[in-house]
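Dear colleague,

As promised, I am passing the structure on to you, and below it I have set out what was found in it. Please open it alongside this message, so that you can follow the residues as they come up.

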Amino acid sequence: MSMARPYLGDPKRTIEVLQKYNFAFQKRFGQNFLIDTHVLEKIIASAEITKDDFVLEIGPGIGTMTQYLAEAAREVAAVEIDKTLIPILQNTLKEWNNVTVINNDILKVDIRQLALEKNQGRPIKVANLPYYITTPIIMGLFENQVPIESITIMVQKEVADRMQVGPGTKDYGALSLAVQYYARPEIVANVPPNCFMPRPKVGSAVIRLERYEQPPVQVKDEKLMFRLIRASFNQRRKTLVNGLKNSPELHFSKEEIEQALVNCGLSLTVRGEALTLE
Ligand code: SAM
């Protein structure tokens, strides 16, 4: 039987595949599969994928979004940790010859090398991460200078909010600043639990991070900046002076910190969470 492509993305087809392979969901891998074609189309559209693009998909599951990516992109590499999904993927993706499935933990894959091999080091696009590794993956991609134009990812609603907000809100923190140093965040869709199988307990959102060509602030020492950011939010209730003084990663005297604040025209009682990246 020939089916319209892509054919996955609704509850009926997903259940068919899961039953055929007697698939058992693994909680530790954060497995919630998308079963909503509108959300899938929205992700593909907001990631602006074209036939020129090489896309890295992290965690393809049963290949639902992979089918959409394979239609839209030139080439897709999908890295899936769960080996029981590999025979399923071989079947659900057999109609597409531009997809490579790699059975590995994404945290062990050299993504820079992959970009070099598959895309001559040109920018790649990345879609859809399992929630529990969102932060290390995103920060790793940015900090290690992997060539990336934009990342479009599904994250917990709360994490999406944290990436997007500015000072003066409870969600503002080290993640907001780290993301905003590298990229312009934009929430492109809110995705309720009933768009997934099984239903997660929390709401989700699709966020697009468009990498800046130049960071919005110029710094001499990025590593120091990230240490300062972490120290500013480690003890949220303390003043910035105390936060920086107590950080195990920084070795400034109280006098040096106070002088720096004075030089910036800031109050000595200011808290880290009140400040912008600048
Ligand atoms: N993209 C699919 C979808 O939208 O239906 C599945 C998304 S599901 C939230 C996350 C997927 O990532 C699962 O298939 C899971 O097995 C896989 N995964 C979890 N941890 C991983 C890791 N460290 N490396 C690669 N894949 C991983």
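The accessible surface of the protein, computed here on a predicted model, comes to about 14,400 Å², and 50% of that area belongs to carbon and sulfur atoms. Of the 278 residues, 47% are buried, and the C-alpha atoms fill a box of roughly 75 × 40 × 30 Å along the principal axes. The secondary structure consists of eleven helices and nine strands. If one takes the contacts with a separation of 6 or more, 65% of them are accounted for by residues 24 or more positions apart. As for charge, the protein has 34 positive and 32 negative charges, and their mean positions are 5 Å apart.

Turning to the interior, the largest nonpolar core has 43 residues, among which Leu56, Ile106, Ile124, Ile151, Met163 and Leu209 touch the most other members. Helix H8, which covers residues 174-182, gives this core its largest share, namely six residues. A second core, separate from that one, has 38 residues and includes Leu40, Ala47, Ala189 and Cys195.

Isoleucine 106 may be a useful place to start looking: leaving out residues up to four places away in sequence, isoleucine 106 touches Leu56, Ile58, Val79, Ile111, Ile133 and Ile137. Ile137 also appears in helix H6 (residues 134-143), where it is buried together with Thr134, Ile138, Met139, Leu141 and Phe142. Glutamine 145, which follows H6, has a positive phi near 60°.

Further along the chain, in the segment after helix H11 (254-263), you will find leucine 266. Is leucine 266 buried or partly exposed? Its relative accessible area is 29%, above the 20% under which a residue counts as buried, so leucine 266 is classed as partly exposed. Apart from its neighbours within four places in sequence, leucine 266 is in contact with Leu261 and Leu275.

The structure also holds twelve salt bridges, and I describe some of them here. In one, the side chains of glutamate 71 and arginine 5 meet with N and O 3.0 Å apart. Because glutamate 71 lies in helix H3 (residues 64-72) and arginine 5 in the segment before helix H1 (11-20), this pair ties together parts that are 66 residues apart in sequence. Both partners are partly exposed, glutamate 71 with a relative accessible area of 29% and arginine 5 at 41% relative accessibility.

Another salt bridge joins arginine 230 and glutamate 249, at 3.1 Å from N to O. Arginine 230 belongs to helix H9 (residues 222-234), whereas glutamate 249 sits in the loop between helix H10 (240-246) and H11, so that parts 19 residues apart in sequence are tied together. Here too the partners are partly exposed, with 38% relative accessibility for arginine 230 and a relative accessible area of 33% for glutamate 249.

Finally, glutamate 210 forms a salt bridge with arginine 208, with the closest N and O atoms 3.2 Å apart. In this pair, arginine 208 counts as buried at 8% relative accessibility, while glutamate 210 is partly exposed, with a relative accessible area of 31%. Both residues also belong to a network of salt bridges that links Glu48, Arg184, Glu186, Arg208 and Glu210.

With best regards

Key
Residues are numbered from 1 along each chain as its sequence is written. This is a predicted model: local features need pLDDT of at least 70, side-chain atom pairs count only at pLDDT 80 or more; totals for chains, interfaces and linings use all residues. Side-chain values use heavy atoms; hydrogens and water are left out. Helices (H or I, at least four residues) and strands (E, at least two) are DSSP runs, numbered from the N terminus. Buried means under 20% relative accessible area, exposed over 50%, partly exposed in between (1.4 Å probe, protein chains only). Contact means heavy atoms within 4.5 Å. Accessible areas come from the Shrake-Rupley method with a 1.4 Å probe; for residues, only the protein chains shown count as cover. Lys and Arg count as positive and Asp and Glu as negative; His and the chain ends are not counted. The place of a charge is taken as NZ of Lys, CZ of Arg, CG of Asp or CD of Glu. A nonpolar core is a set of buried Ala, Val, Leu, Ile, Met, Phe, Trp, Tyr and Cys residues joined through side-chain atoms within 4.5 Å. A salt bridge is a side-chain nitrogen of Lys or Arg within 4 Å of a carboxyl oxygen of Asp or Glu.
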